[in-house]
Amino acid sequence: MAMTVSAMPSATKDKYSLADPAPITVIILSRNRPLYLWACLDSLYRYTRHPARFILVDNASEDPLIHEVVTGFERREMFDTVEWHAENDPKRVLKAVRAY
């Protein structure tokens, strides 16, 4: 069921309009695999039509190409935040979701 402007809570109406929707947050967790990361970021950059905040969380990548891939997309001002971590933590994605 679609929500009309009159059915939205007033705080939501004041903050966002239907013409200017609230941005979604996309958290990208990466570790090595620069070609896959590039393909993922390129698709998000080209095809995202809804306002979005992109958060990249690197989980201790050892491949130096990761930094080059991220730098290329940082030049396009794609990311809201980039987090570089020194150690791999399998629970990092949960921590990122809770933080954002």
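Here is a short tour of the model, stop by stop.

**Before you start.** This is a predicted model, in which local features need pLDDT of at least 70, side-chain atom pairs count only at pLDDT 80 or more, and totals for chains, interfaces and linings use all residues. Residues are numbered from 1 along each chain as its sequence is written, and side-chain values use heavy atoms, with hydrogens and water left out.

**Whole chain.** Switch to cartoon and you'll find four helices and three strands; helices (H or I, at least four residues) and strands (E, at least two) are DSSP runs, numbered from the N terminus. Walk along from the N terminus and the order reads α-β-α-β-α-β-α. Now put a surface on: about 7100 Å² of the protein is exposed, with 55% of that coming from carbon and sulfur atoms (Shrake-Rupley method, 1.4 Å probe; for residues, only the protein chains shown count as cover). Of the 100 residues, 26% are buried (under 20% relative accessible area; exposed is over 50%, partly exposed in between; 1.4 Å probe, protein chains only). Contacts here mean heavy atoms within 4.5 Å. Among contacts with a separation of 6 or more, 76% link residues 24 or more positions apart.

**S2, H3 and S3.** Select strand S2 (52–59) and helix H3 (65–75), then add strand S3 (79–85). S2 and S3 run parallel and are joined by six bridges; strands pair if DSSP finds at least two bridges between them. For one example, pick Val57, whose bridge partner in S3 is Glu83. Follow the chain from S2 through H3 to S3 and you trace a right-handed β-α-β crossover: with the strands pointing away from you, the path from the first strand over the helix to the second runs clockwise.

**The core.** Next, show side chains for Ile28, Leu37, Leu41, Phe54, Leu56, Ile66, Val69, Val70, Phe73, Met78 and Phe79, the eleven residues of the largest nonpolar core. Such a core is a set of buried Ala, Val, Leu, Ile, Met, Phe, Trp, Tyr and Cys residues joined through side-chain atoms within 4.5 Å. Helix H2 (34–47), S2 and H3 each supply at least two of its residues, and H3 gives the most, with four. Zoom in on Leu56: beyond its neighbours within four places in sequence, Leu56 contacts Ile28, Ser30, Leu37, Val70, Phe79, Thr81, Val82 and Glu83.

**Ser30.** From Leu56, hop to Ser30 in strand S1 (residues 24–30). Is Ser30 buried or exposed? It is buried, because its relative accessible area is 5%. Its side chain makes a polar contact with the side chain of Asp58 at 3.1 Å (a pair of N or O atoms within 3.5 Å; within protein, one must be able to donate a hydrogen and the other to accept it, and residues adjacent in sequence count only if both atoms are side-chain atoms). Not counting residues up to four places away in sequence, Ser30 touches Leu37, Leu56, Val57, Asp58, Asn59 and Ser61.

**Two loop residues.** Arg33 sits in the loop between S1 and H2. Arg33 is not a glycine, yet its phi is positive, about 55°. It counts as exposed because its relative accessible area is 57%.

Finish at Glu77, in the loop between H3 and S3. Its phi is near 60°, again positive in a residue other than glycine. Glu77 is exposed, at 72% relative accessibility. Draw a C-alpha to C-alpha distance from Glu77 to Phe54: they are 23 residues apart in sequence and 10.0 Å apart in space.
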